[in-house]
Structures are given as C-alpha cells and as structure tokens.
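Reader: Got a minute to go through this one with me? I'd like to begin with the ligand.

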Amino acid sequence: MKDKVTIHTLKRLKQSGQKITMVTAYDATFARVLDEAGADVLLVGDSLGMVVQGHDSTLPVTLEQMVYHSTAVVRGTKRALVVGDMPFMSYQVSVEEAVRNAGRLVAEGRVGAVKLEGGAEFADVISAISRASIPVMGHLGLTPQSVHKMGGYVVQGRDEDAARKILEDAIALERAGCFSLVLEGVPLELARQITQRLSIPTIGIGAGKYCDGQVLVCYDLLGMNPDFKPKFVKRYANLHGSITEAASAYFAEVRAGTFPDEEHSFKSKPIRLVAAPEPTDLAEGSEKLGPVYGAPV
Ligand code: KIV
C-alpha cells in the first residue's frame, strides 16, 4: 500500500502540479473498491440524502446518519483521506455546536477531516473547528444546502459581482484555516483564478479543468441512474445496465429452477432426519433444538 493520504499530501500534490482524485463513498464495500482504485480522498458526502436515501435534497440528512456512514467508509479504507460532510444545521446555529458536531464526526465517525458549505460568514466556525485540530475543507459556488436561497441547483458566479464575491469568500476560507476547497457549479475561468490565487488545493465539480483536483458522486460516474446526466458528469461505466442485466439473469434462472445447481449446493453424507423432542421433554437448561435435526446415519 502506498502511504496514507493526509492534508499535507494534498498540499504537496498541488505544489507539484499533480491532480487530486476525490470521489464520494457511503459504505465500506464501495470505499474498499474506490480506495484500491486510487482515490486520494473519499468524501462521505451529504449527497447520500439523494443517492442513498432517495430524498430530493441533502437537507434531511442528520449528523447521526453522517457518523454512521463515515464509520463504514473508514472501515473500508486503507490509503485515502476520508472527509465527512457536516450536514445541514450541524454548524449553522453556533460556533460551539459546530465544533462539538465536527468533533463527533472525527471521534465517532473516525474521519480525518470535515467539509462544510459557505463563505466568509463561516470564517469564525472554520477557525474554531481548526483550532480544535480538526482539518476543514470548504465548499463554495453551488452549495446544495442553500438550494432554497439559490432558487434551485444553478451555476453560481456567472456575473462579475457574483464571481468577485466567490473569490473573496475563497480567500477568507483560506485565511480562516481551510486546508482545501471544493468549488461546485462555477464557470471554469472563475475556478482558474481562484486556484491560482490560493495556496490550498481546489477540488472542482462542475468547475472545469483548472482546479487542483476533481470530485464526482460515485453513483454518477458509475452510471447508476440513467435519468440523471447533468453537463458536468461523465459516466465511466453503465452500472445501471450491468446490474439490471445481472439481476434479470439471476431472476430468470431462479424461476427456471436452474439456480441453485449442483455447483452451488452443499453436500454431505446421507442423513436421517429425526423428529426433535417436544420442548417439555427437554431437561431444564439443556440446549433447545429446532423442529428437526440432522443426524449422520
Ligand atoms: O455531498 C457531496 O457529495 C458533495 C460533493 C458533490 C462535493 O458535497
């Protein structure tokens, strides 16, 4: 195994001009595969509200759920840095609550860093979490937890004022102590300028090719949902098709009685089935048996 990825590895990757690979994961099995495939960062994204739980936004996701999924991802990961999303309302109410909740993601969820959405208005929260020795990844541009404020999932920073505000926020987040920054749904020229201006790595999603790294939701890049194909997603597989094909073949063989066959069945010496004694016949404290038991003949 190559060395474990840390926040310092990511900084070195930016300095050497090597791109950072990041992808979401929500369970141990996917985490193991994506880690072995070479992810630098696994993000336990609150996108799980949509792709795992079936909600139409990330807003219903709770801290308990983030902790639960984080522990699973961490158990499946050997090399990648695991980052846990702070869900809606886990860091907006007060600095104190934010630090406590970030601490739960690290202490109980076992992640190596947390991510939260928002600009300069969260600088005090980011400083306080960083002061508690918890690395913070920022998230600017299209921030899904602000879906109602944005009026939908729409590209941000398209005019000069909006772009300047995002650049200023990015600078404020770096000053507040963020070790890295996700730029989501912004024009590539804005992402280029922010990436040049900051010494911390930027990770893009729908932000073009100039960021220091790239993140995608694993279900999107693997083609799990044929109905979801936004402009910024590239499908590298058609798992929806592969799973449908595999499951249909399984169902057909079960219906035809061709699975399970000899090859997938256990064998034993001939056995004689003997009726078990009634529970009342059992001596007190003796082991209870099922309705039948097998006795080798
Ligand atoms: O929740 C998530 O998956 C994310 C990525 C899209 C960056 O925040």
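Reader: How far is the polar side-chain atom of Ser-47 from an oxygen atom of the ligand?
Author: It's 2.6 Å in this predicted model. The protein covers 96% of the 260 Å² of accessible area that the ligand has on its own.

Reader: Which other side chains put a polar atom by a ligand oxygen?
Author: Asp-46 has one at 3.0 Å, and Lys-115 has one at 2.9 Å.

Reader: And how does the shell around the ligand divide up?
Author: Into 3 nonpolar, 4 polar and 3 charged residues. Among the residues surrounding the ligand are Thr-24, Leu-43, Asp-85 and His-139.

Reader: Switching topic: how many residues are in the largest nonpolar core?
Author: There are 71. Helix α8, residues 160-176, gives the most to this core, with 6 residues. Leu-116 is one of those with the most contacts inside the core.

Reader: What does Leu-116 touch?
Author: Leaving out residues up to four places away in sequence, its contacts include Met-86, Tyr-91, Phe-122, Ile-129 and His-139. His-139 is also one of the residues around the ligand.

Reader: OK, backbone oddities. Which peptide bond is cis?
Author: The one from Phe-259 to Pro-260, with omega near 0°. Pro-260 sits in the loop between α11 (239-256) and β9 (271-275).

Reader: What about phi of Met-89?
Author: That's near 75°, positive in a residue other than glycine. Met-89 is in the loop between β3 (81-85) and α5 (95-107).

Reader: Is Arg-110 buried or exposed?
Author: Exposed, because its relative accessibility is 56%. Arg-110 also has a positive phi, about 70°, and lies in the loop between α5 and β4 (113-115).

Notes
Residues numbered from 1 in each chain as written. Predicted model: local features only at pLDDT ≥ 70, side-chain atom pairs only at ≥ 80, totals over all residues. Heavy atoms only, no water. Near = heavy atom within 4 Å. Polar contact = N/O pair within 3.5 Å; in protein donor to acceptor, adjacent residues only side chain to side chain. Areas by Shrake-Rupley, 256 points an atom, 1.4 Å probe, with all protein chains shown as cover. Nonpolar A, V, L, I, M, F, W, Y, C, P; charged D, E, K, R; others polar. Core = buried A, V, L, I, M, F, W, Y, C linked by side-chain atoms within 4.5 Å. Buried < 20%, exposed > 50% of the residue type's maximum accessible area, 1.4 Å probe, protein only. Helix = DSSP H or I, 4+ residues; strand = E, 2+ residues; numbered from the N terminus. Contact = heavy atoms within 4.5 Å.
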